Amino acid sequence: MAGTDNKKVAVNNTTGVVAIKNNNSIWSYVKGRGPRKFPGEATDIAYDHAQKKLYVLSKSTKRMMVWNPGRNRWDAVKNTRTDFKSIAALNGQLWGATTQNAIF
């Protein structure tokens, strides 16, 4: 469904996948619909199933961003650092590993 040039993939529900491609573009694939390209570029991705929120790690700012469907854009997650290299989300909690290997 999402092709072969994926760097990172997150399953957002039982019928959808969001992928970061090798060129850092962000794409959504939902069964029965065509692919959708999100704005911006990312290096990591996470989906919080409990809160139904999609997060990415912005390539340009290294900040955690959350998708705002009402505004059709990425919003910065408040009080996050700018040196993350990977992120995770679980049950409303966000996790990140920094370039110095610290975990927050």
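In these legends a strand is a DSSP run (E) of at least two residues, and strands are numbered from the N terminus. The model shown is a predicted one.

**View 1. Seven strands make up an open sheet.** Welcome to the overall fold of the sheet: its strands follow the order 1-2-3-4-5-6-7, and their pairing is antiparallel. Strand 1 (6-11) and strand 7 (73-76) sit at the edges with a single partner strand each, so one side of each has no neighbour in the sheet. Direction ignored, neighbouring strands of this sheet are turned by 45° against each other on average. As a general reminder, strands of a sheet pair through backbone hydrogen bonds, in either a parallel or an antiparallel way.

**View 2. Strand 2 meets strand 3 in an antiparallel pairing.** Five bridges link residues 16-21 of strand 2 with residues 25-30 of strand 3. To find your place along this pair, look for Ala-19, whose bridge partner in strand 3 is Trp-27. Just before strand 2, have a look at Thr-15, which belongs to the loop between strand 1 and strand 2. Is Thr-15 buried, partly exposed or exposed? Thr-15 has a relative accessibility of 34%, so it counts as partly exposed. From the C-alpha of Thr-15 to that of Tyr-29 the distance is 8.4 Å, with 14 residues separating the two in sequence.

**View 3. Strand 5 pairs with strand 4 and also with strand 6.** On one side, six bridges connect strand 5 to strand 4, and the two run antiparallel; here Ala-46 stands opposite Tyr-55. The hairpin of strand 4 and strand 5 has four residues between the strands, and Lys-52 in the turn shows a positive phi of about 55°. Strand 5 and strand 6 are also antiparallel, with three bridges, and Val-56 has Met-65 as its bridge partner in strand 6. Five residues lie between strand 5 and strand 6 in their hairpin, where Lys-62 has a positive phi near 60°. Why is strand 5 described as largely enclosed by the rest of the structure? Because five of its six residues are buried, with buried meaning under 20% relative accessible area.

**View 4. The largest nonpolar core brings together 13 residues.** Which residues have the most contacts inside this core? They are Val-18, Ile-26, Phe-38, Ile-45, Leu-54, Val-56 and Trp-74. Strand 2, strand 4 (36-48), strand 5 (53-58) and strand 6 (64-68) each contribute at least two residues to this core. The biggest contribution, four residues, comes from strand 4. Set the second, separate core beside it: that one has nine residues, including Tyr-55, Val-77, Phe-84 and Ile-87. In soluble globular proteins, nonpolar side chains generally tend to be buried together.

**View 5. Leu-54 and the residues it contacts beyond its sequence neighbours.** With neighbours within four places in sequence set aside, Leu-54 is in contact with Val-18, Phe-38, Ile-45, Ala-46 and Tyr-47, among others. The list goes on with Met-65, Val-66, Trp-67 and Trp-74. Val-18, Phe-38, Ile-45 and Trp-74 also feature, along with Leu-54, among the residues with the most contacts inside the largest nonpolar core.

**View 6. The largest pocket has a volume of about 340 Å³.** Its lining consists of 15 residues. Which of them lie nearest the centre of the pocket? Asn-12, Ser-28, Arg-36, Phe-38 and Trp-67 do. Strand 3, strand 4 and strand 5 each give at least two residues to the lining, and strand 4 has the largest share with three residues. Keep an eye on Phe-38, which is named both here and among the residues of the largest nonpolar core.

**View 7. Strand 8 and strand 9 form an antiparallel pair.** Residues 84-90 and residues 93-98 are joined here over six bridges, and Ala-88 stands opposite Trp-95 in strand 9. This hairpin has two residues between the strands. One residue to pick out in the loop between strand 8 and strand 9 is Asn-91, whose phi near 50° is positive although the residue is not glycine. Asn-91 counts as exposed because its relative accessibility is 58%.

**View 8. Asn-101 lies in the segment after strand 9.** Another positive phi in a residue other than glycine turns up here, with a value near 65° for Asn-101. Is Asn-101 buried or exposed? Its relative accessibility is 56%, so Asn-101 counts as exposed.

Key
Residues numbered from 1 in each chain as written. Predicted model: local features only at pLDDT ≥ 70, side-chain atom pairs only at ≥ 80, totals over all residues. Heavy atoms only, no water. Pairing = 2+ DSSP bridges. Axes fitted to C-alpha atoms, helices over the stretch in contact; angles between N-to-C directions. Core = buried A, V, L, I, M, F, W, Y, C linked by side-chain atoms within 4.5 Å. Buried < 20%, exposed > 50% of the residue type's maximum accessible area, 1.4 Å probe, protein only. Contact = heavy atoms within 4.5 Å. 1 Å grid on protein atoms, 1.4 Å probe; cavity = no way out; pocket = protein on both sides within 12 Å on 5 of 7 lines; lining within 4 Å. Points joined across faces, edges and corners; volume = space filled by probe spheres on them.
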